[in-house]
Amino acid sequence: MKAVGVIVEYNPFHNGHKLHLDKINERDSENVKIAVMSGDFVQRGEPAIINRWKRAEIALKNGIDVVVELPCFYSCQSAEIFARGAVGILDELQCKEIIFGSETSNIEELKKIAFLEESEIFKEKIKEFLKSGESYPNAHSKALKEVSGKEQNSLSNDILGIEYIKGINYWNSEIEPVTILREKVGYHSTDAEDNIASATAIRKFLRGGENIEKFLPKESFSILIEEFNNGKIVELKDFYPLLRYEIIRNRDSLKNIQDMEKGYENRLYEEAIKNSDFESFYKAIESRRFTHGRTQRVLLHIVLGITVEITEIVKKEIPYVRVMGFNKKGREYLNYLKKYENKKIITSLKNIQDNFSMGVRELIEFNERASTIYKMQNFYEDRKIPIIIKD
């Protein structure tokens, strides 16, 4: 059996995602489609708009055969660590391809850029630009231009695609990267075209009270609207009381938080003391050197306790692979994988005491604790076993 992988957030699942899956089926409908999906927190440093189990259910009802979770210590990290974790999980599941949307859909060019970015000269150049006060995206762009000798204007999906390729190289994986041209609206666009809108735009429309039905498949729309009507839509600002408490209580250890820049912890502490509302606090801590996404990730890392130490551990090895759901084809593939006796793959948390080392158990519990924090603002009934979709 052949499996192909997609790396997703489905925050929420929309018509563009459905189109992506349709194009994968056009290539070969017999392939098993495995989605590595961010759990309750996503790469932009935000809580997912609806919980991980609802999003897994939607994915399975729209053509995904197996959903596995991308734990929070990967899912709310920089593109490099996000991609490395997701690719590593797909490698554990013996996927043959990773299929991703791309603004250029030029896989050979993306491979060339990935090769350049892994060179020592590129790494030195980017350090120089960062030391001069450039933000990371600007430093990255300028370093790449100097090394390649030409302007490089990679967009969101291409940037992630390059990181997927670097992840494949890191794990020495035989996975083949495959692109599908991303059409119409961009990844972070707040516009819409016909019945296609980005997840960013849909979240904005939903919070603004606009009708979003035409942008989502039926199952996705019904679940999202039900959650919205029940008040189960959350944002990072909803966690501000907890964030503020953690900043003040853990002032001396903030320097150990992943993505924290030296001295920035003092600014966070001072502004947490001064500001009782999130908007004022956030405005006061914005930095020219930090993108919006990186700023949010730092704050979320504080809330969840994601440190440099934890990050270094999970960058080097995939600790476990948790299956969240599957359909009939997915079950057949998981049964097929059993002959390889990969003990990292788990479908239940019941026997982790017997099957995993203390270090891995601590990481499993860390991710589950992060979801408990999510449930403080957006409660849901958790599951101990995967979702099973019967055909």
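Two strands are taken to pair if DSSP finds at least two bridges between them, and with that in mind the tour of this predicted model can begin in the sheet.

Select strand 2, residues 32-38, and look for Ala35, which stands opposite Val67 in strand 5. Strand 5, residues 66-70, runs parallel to strand 2 and is joined to it by five bridges. Now add strand 1, residues 3-8, which also pairs with strand 2 in the parallel sense, here over six bridges; one place to see this is Val4, whose bridge partner in strand 2 is Lys33. If you then show helix 1, residues 15-27, you will have the parts of a right-handed β-α-β unit, made by strand 1, helix 1 and strand 2.

Stay with strand 2 and turn on its side chains. In a regular strand the side chains alternate between the two faces of the sheet. Here Val32, Ile34, Val36 and Ser38 point one way, while Lys33, Ala35 and Met37 point the other way. Is either set buried or exposed? All of these residues are buried, and because seven of the seven residues of strand 2 are buried, the strand is largely enclosed by the rest of the structure.

Next, move to the loop between strand 1 and helix 1, where both Tyr10 and Pro12 are found. Most residues other than glycine have a negative phi, and most peptide bonds are trans. Against that background, select Tyr10, whose phi is positive, near 50 degrees, and which counts as buried at 3% relative accessibility. Then step along to the peptide bond from Asn11 to Pro12, which is cis, with omega near 5 degrees.

For another positive phi, select Gln94, which is not a glycine and has a value of about 60 degrees. Gln94 lies in the loop between helix 4, residues 79-92, and strand 6, residues 97-102, and is partly exposed, with a relative accessible area of 26%.

Finish at helix 5, residues 107-117, where Ile107, Leu110, Ile113, Ala114 and Glu117 are buried. Why do these residues lie on the same side of helix 5? They cover an arc of only 120 degrees around the axis, which puts them on the same side. Turn to the other side of helix 5 and you will find Lys112 and Phe115, which are exposed. To see what the buried residues of helix 5 pack against, show strand 6, helix 6 (120-131), helix 7 (136-148), helix 8 (156-170) and strand 7 (176-181).

Notes:
Residues are numbered from 1 along each chain as its sequence is written. This is a predicted model: local features need pLDDT of at least 70, side-chain atom pairs count only at pLDDT 80 or more; totals for chains, interfaces and linings use all residues. Side-chain values use heavy atoms; hydrogens and water are left out. Helices (H or I, at least four residues) and strands (E, at least two) are DSSP runs, numbered from the N terminus. Buried means under 20% relative accessible area, exposed over 50%, partly exposed in between (1.4 Å probe, protein chains only). The arc is that of the directions from the helix axis to the C-beta atoms. Contact means heavy atoms within 4.5 Å. A crossover is right-handed if, with the strands pointing away from the viewer, the path from the first strand over the helix to the second runs clockwise.
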